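Me: Please take a close look at a single part of this model and connect what you find there into one account. I would like the criteria behind each term stated as you go.

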Amino acid sequence: SFHDELIQMRIPTPVPGVVPVVLLIIFCDACNQFLIFPFIPFLVRSQLQLQPEDPGVPLFSGLLAAAYLLGQFVFSPFYAGLSTRLGSRLVLLLCILISNAFLLAFGFSSSYVLSVALRL
């Protein structure tokens, strides 16, 4: 049968070579998102000059943490269209580089509004 012939031919798929690259990209994205979480309340208190017991610290910390996910949600369709035109490999590489540059700038930001803007 045709199915048996396909099994006997054992045509290699491109998936095994792509999987490590995709996993690396997911890992980099997760690091960008979650490595800063423990430091966000300290950053918010410093930038907004709040006391540790101030009830605004959790709110502003949550908004700063959510800004990254909001940026991904809003700009994903743009990146998808761009990857269709330019190729996914180039767009993924550029997105990782730009994301890391913005993360570095976020680390040096001194204002809360700038920090939120850099996380978008």
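**Helix 4 and what packs against it**

Reply: Once neighbours up to four places away in sequence are set aside, Leu82 is in contact (heavy atoms within 4.5 Å) with Gly87 and Val91. This is a predicted model, in which local features need pLDDT of at least 70 and side-chain atom pairs count only at pLDDT 80 or more, while totals for chains, interfaces and linings use all residues. Residues are numbered from 1 along each chain as its sequence is written, and side-chain values use heavy atoms, with hydrogens and water left out.

Leu82 belongs to helix 4, one of the six helices of a chain that has zero strands (DSSP runs numbered from the N terminus, H or I of at least four residues for a helix and E of at least two for a strand). Read in sequence order, the pattern is accordingly α-α-α-α-α-α. With a relative accessible area of 23%, Leu82 counts as partly exposed (the class between buried, under 20%, and exposed, over 50%, with a 1.4 Å probe and protein chains only).

Helix 4 covers residues 56-86, and helix 5, residues 88-108, has an axis that comes within 10 Å of the axis of helix 4 and crosses it at roughly 155° (lines fitted to C-alpha atoms over the stretch in contact, with angles from 0 to 180 degrees between N-to-C directions). Helix 4 is therefore roughly antiparallel to helix 5 (over 145 degrees, with under 35 being roughly parallel, 65 to 115 roughly perpendicular and the rest oblique). On the helix 4 side this contact involves Leu64, Tyr68, Tyr79, Leu82, Ser83 and Leu86, which meet Ser88, Leu90, Val91, Cys95, Ser99 and Phe106 of helix 5. Sorted by class, those residues comprise nine nonpolar, three polar and no charged ones (nonpolar being Ala, Val, Leu, Ile, Met, Phe, Trp, Tyr, Cys and Pro, charged Asp, Glu, Lys and Arg, and polar the others, Gly among them).

Against helix 6 the geometry reads otherwise, since the axes of helix 4 and helix 6 come within 7 Å and cross at roughly 30°, which means that helix 4 runs roughly parallel to helix 6. Here Phe60, Leu63, Leu64, Ala67 and Tyr68 of helix 4 make the contact with Tyr112, Ser115, Val116 and Arg119 of helix 6. Its residues divide into seven nonpolar, one polar and one charged.

Beyond helix 6, Leu120 sits in the segment that follows that helix and is partly exposed, at 44% relative accessible area. Leaving out neighbours within four places in sequence, Leu120 is in contact with Ala67, Leu70, Gly71 and Phe75. From Leu120 to Ala67 the C-alpha distance is 5.4 Å, although the two are 53 residues apart in sequence. Phe73, also found in helix 4, has its C-alpha atom 9.7 Å from that of Leu120, with their positions 47 residues apart along the chain. Phe73 is exposed, its relative accessible area being 67%.

Helix 4 also takes part in the largest nonpolar core (buried Ala, Val, Leu, Ile, Met, Phe, Trp, Tyr and Cys joined through side-chain atoms within 4.5 Å), whose eight residues are Ile36, Ile40, Val44, Leu64, Ala65, Phe106, Tyr112 and Leu118. Two or more of these residues come from each of helix 3 (40-48), helix 4 (56-86) and helix 6 (112-119). Within helix 3 lies Ile40, which is buried, with a relative accessible area of 2%. Apart from residues up to four places away in sequence, Ile40 touches Ser61, Leu64 and Ala65. The C-alpha atoms of Ile40 and Phe60 are 9.1 Å apart in space, for a separation of 20 residues in sequence.

The loop between helix 3 and helix 4 contains Gln49, which has a positive phi of about 55° although it is not a glycine. Gln49 is exposed, with 71% relative accessible area.

For the chain as a whole, 18% of the 120 residues count as buried, and of the contacts with a separation of 6 or more, 59% join residues 24 or more positions apart.
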